[in-house]
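Hi,

Here is the structure I said I would pass on to you. Have a look at it, and then read on for my notes.

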Amino acid sequence: MDGSMTYDFSEVTDHLDPAKFADLLAGYCLDVQPDQQVLVRSTTLAQPLLLELQRAILERNAWCFMRVELPGEARGFYDHAQDHHLDNYPALAYEEARKINATVGIQAPDDVHALAGVDPERMTRAARGRRDVREQMLKKRWCSTLWPTPANAALAGMPLDEFSRFVAGALFLDRPDPLGGWDELRRFQDALIGRLSGAKELRIEAEGTDLRLNVAKRTWVNSDGKRNMPSGEVFTGPHESSATGRIRFTIPSSPSGVDVRGVELEFRDGEVMSATAEHGEEYLQRALATDDGARRLGEVGIGTNYGIDRAIGAILFDEKIGGTVHVALGRSYPETGGKNLSALHWDLICDLRTGGRITADGVTIQEDGHFTL
């Protein structure tokens with residue numbers, strides 16, 4: 001989509017109420033409190049949600065700071081950034097990350113492939129250079145979400161109005177009581193964690209996949225929409241030297257707008273020993289070379305949101321598909337007990353709905369995409 005183009009917001013707002021969405025983000029996800037400083041990041045294409053989110057934050061007697069990106073701004077950065085801009089960060093960015101109380105990032109792209117022609121090494125350097133800022137942000141309350149645009153609707157293979165209905169369903173905003181839906185999912189995930197928390201070995205099996213991970217005494221996190229909206233997963237950080245075997249990722253990934261498909265990884269003693277991709281091989285190899293932690297796993301997650309029944313090319317949604325499992329190369333989330341450090345955190349998804357299985361210490365937890373709870 002040309003960044004100069006506009007679109008009729010009613011194609012979205014007729015199916016996805018921005019006021020209900022904003023109240024969900026400010027209340028349920030971020031739990032905004034009086035006098036907090038809340039940072040909101042998105043693009044101009046999310047205008048209806050941004051204005052309602054400003055309203056919702058102000059009504060909670062907090063401060064709202066907008067960082068609204070122009071179409072083409074991200075590509076312009078990589079086209080013109082000097083070495084200093086790639087390998088460092090401005091002091092103001094660090095101070096902002098240190099002082100804010102909460103942040104919400106709203107994906108609303110004008111062009112999902114805007115960065116496809118950028119040298120992957122430049123993106124890798126920028127990720128390394130901003131690691132300190134990113135770590136400060138992760139210490140605070142944060143949430144990521146998505147607003148439908150013509151570009152991400154096209155990527156999902158749906159008309160904009162249909163995609164907007166799909167997003168509303170994934171967020172439970174099509175229900176009379178969205179919070180009740182998230183409470184129901186939370187309780188199911190609590191039960192799933194109860195089955196997983198005492199396990200030592202997690203095994204993932206599917207065509208081309210047989211991967212074993214040690215998760216003993218690691219903490220499983222119930223991702224119930226407080227951080228990602230939509231959510232629907234439980235995740236932990238496997239022991240850094242434990243990954244053994246092979247895994248084939250059957251759902252494409254689009255990190256930074258780069259199309260990567262058919263990734264296969266082989267692990268020994270926790271480290272990637274071989275890596276191939278049917279498409280996007282250069283990006284894969286550059287990502288693995290980000291730093292010492294990029295060749296190890298920082299996360300394993302199990303998707304539980306059956307309101308998301310198809311991949312749409314956005315990891316925020318795709319990793320939550322009920323009946324899938326994903327692992328992340330790179331950085332661990334400290335709350336899981338994971339210790340892997342990296343500027344990279346790249347989620348890759350394996351679909352288990354046709355012939356896959358997850359076992360915990362030999363006991364089947366999920367088979368063919370269905371849980372055995």
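Below is what turned up, starting with salt bridges and going on to helices and a few single residues. Keep in mind that this is a predicted model.

**Salt bridges**

The count comes to 33 salt bridges. Here are some to look up.

Start with Arg 55 and Glu 52, whose closest N and O atoms are 2.9 Å apart. Both sit in helix 3 (residues 47-59), and because they are three residues apart there, about one helical turn separates them. As a rule, an α-helix has 3.6 residues a turn, so residues three or four places apart point the same way. Arg 55 is partly exposed, with a relative accessible area of 24%, and Glu 52 is partly exposed too, at 25%.

Next, try Glu 205 and Arg 357, a salt bridge with 3.1 Å between the closest N and O atoms. This one links distant parts of the chain: Glu 205 is in strand 5 (residues 201-206) and Arg 357 in strand 15 (residues 357-360), 152 residues apart. Glu 205 is buried at 16% relative accessible area, while Arg 357, at 31%, is partly exposed.

Then there is Arg 218 with Glu 240, where the closest N and O atoms are 3.1 Å apart. Arg 218 belongs to the loop between strand 6 (209-214) and strand 7 (221-223), and Glu 240 to the loop between strand 8 (233-236) and strand 9 (244-248), so their salt bridge ties together parts that are 22 residues apart in sequence. Are these two buried or exposed? Both Arg 218 and Glu 240 are buried.

Finally, salt bridges also form a network, and it links Asp 119, Glu 121, Arg 128, Glu 282 and Arg 286.

**Helix 2 against helix 3**

Two packed helices are described by the angle between their axes and the distance between the axes. For helix 2 (residues 18-29) and helix 3, the angle is about 50 degrees and the axes are 8 Å apart. That makes helix 2 oblique to helix 3, and their crossing is right-handed.

Which residues make the contact? From helix 2 they are Pro 18, Ala 19, Phe 21, Ala 22, Asp 23, Leu 25 and Ala 26, and from helix 3 they are Pro 48, Leu 49, Glu 52, Leu 53, Arg 55, Ala 56 and Ile 57. By class, the contact of helix 2 with helix 3 has eleven nonpolar residues, three charged ones and no polar ones. You will spot Glu 52 and Arg 55 in that list, the pair that forms a salt bridge.

**Helix 10 and what comes after it**

Helix 10 (residues 160-170) is mostly covered, with eight of its eleven residues buried. Those eight are Leu 160, Phe 163, Ser 164, Phe 166, Val 167, Ala 168, Gly 169 and Ala 170. What do they pack against? The partners are helix 1 (10-13), strand 4 (141-146), helix 9 (150-156), helix 11 (178-196) and helix 13 (315-318).

Gly 169, in this helix, has a relative accessible area of 16%. Its C-alpha atom is separated by 35 Å from that of Lys 217, and the two are 48 residues apart along the chain.

After helix 10 comes Phe 172, with a positive phi near 65 degrees. Phe 172 lies in the loop between helix 10 and helix 11 and is buried, at 5% relative accessibility.

**A few odds and ends**

Most residues other than glycine have a negative phi, and most peptide bonds are trans. Besides Phe 172, look at Asp 35: its phi is positive, about 70 degrees, although it is not a glycine. Asp 35 is in the loop between helix 2 and strand 1 (37-43), and at 54% relative accessibility it is exposed.

The peptide bond from Met 229 to Pro 230 is cis, with omega near 10 degrees. Pro 230 is in the loop between strand 7 and strand 8.

Thr 103, in strand 3 (residues 102-107), is buried at 8% relative accessibility. Leaving aside neighbours within four places in sequence, Thr 103 is in contact with Leu 30, Leu 39, Met 137, Arg 141, Trp 142 and Cys 143.

Gly 194 lies in helix 11 and is exposed, with a relative accessible area of 52%.

Cheers

Conventions
Residues are numbered from 1 along each chain as its sequence is written. This is a predicted model: local features need pLDDT of at least 70, side-chain atom pairs count only at pLDDT 80 or more; totals for chains, interfaces and linings use all residues. Side-chain values use heavy atoms; hydrogens and water are left out. A salt bridge is a side-chain nitrogen of Lys or Arg within 4 Å of a carboxyl oxygen of Asp or Glu. Helices (H or I, at least four residues) and strands (E, at least two) are DSSP runs, numbered from the N terminus. Buried means under 20% relative accessible area, exposed over 50%, partly exposed in between (1.4 Å probe, protein chains only). Axes are lines fitted to C-alpha atoms, for helices over the stretch in contact, and angles run from 0 to 180 degrees between N-to-C directions. Angles under 35 degrees count as roughly parallel, over 145 as roughly antiparallel, 65 to 115 as roughly perpendicular and the rest as oblique. A crossing is left-handed if the near helix is turned anticlockwise from the far one by less than a right angle, and right-handed if clockwise. Contact means heavy atoms within 4.5 Å. Ala, Val, Leu, Ile, Met, Phe, Trp, Tyr, Cys and Pro count as nonpolar, Asp, Glu, Lys and Arg as charged, and the others, Gly among them, as polar.
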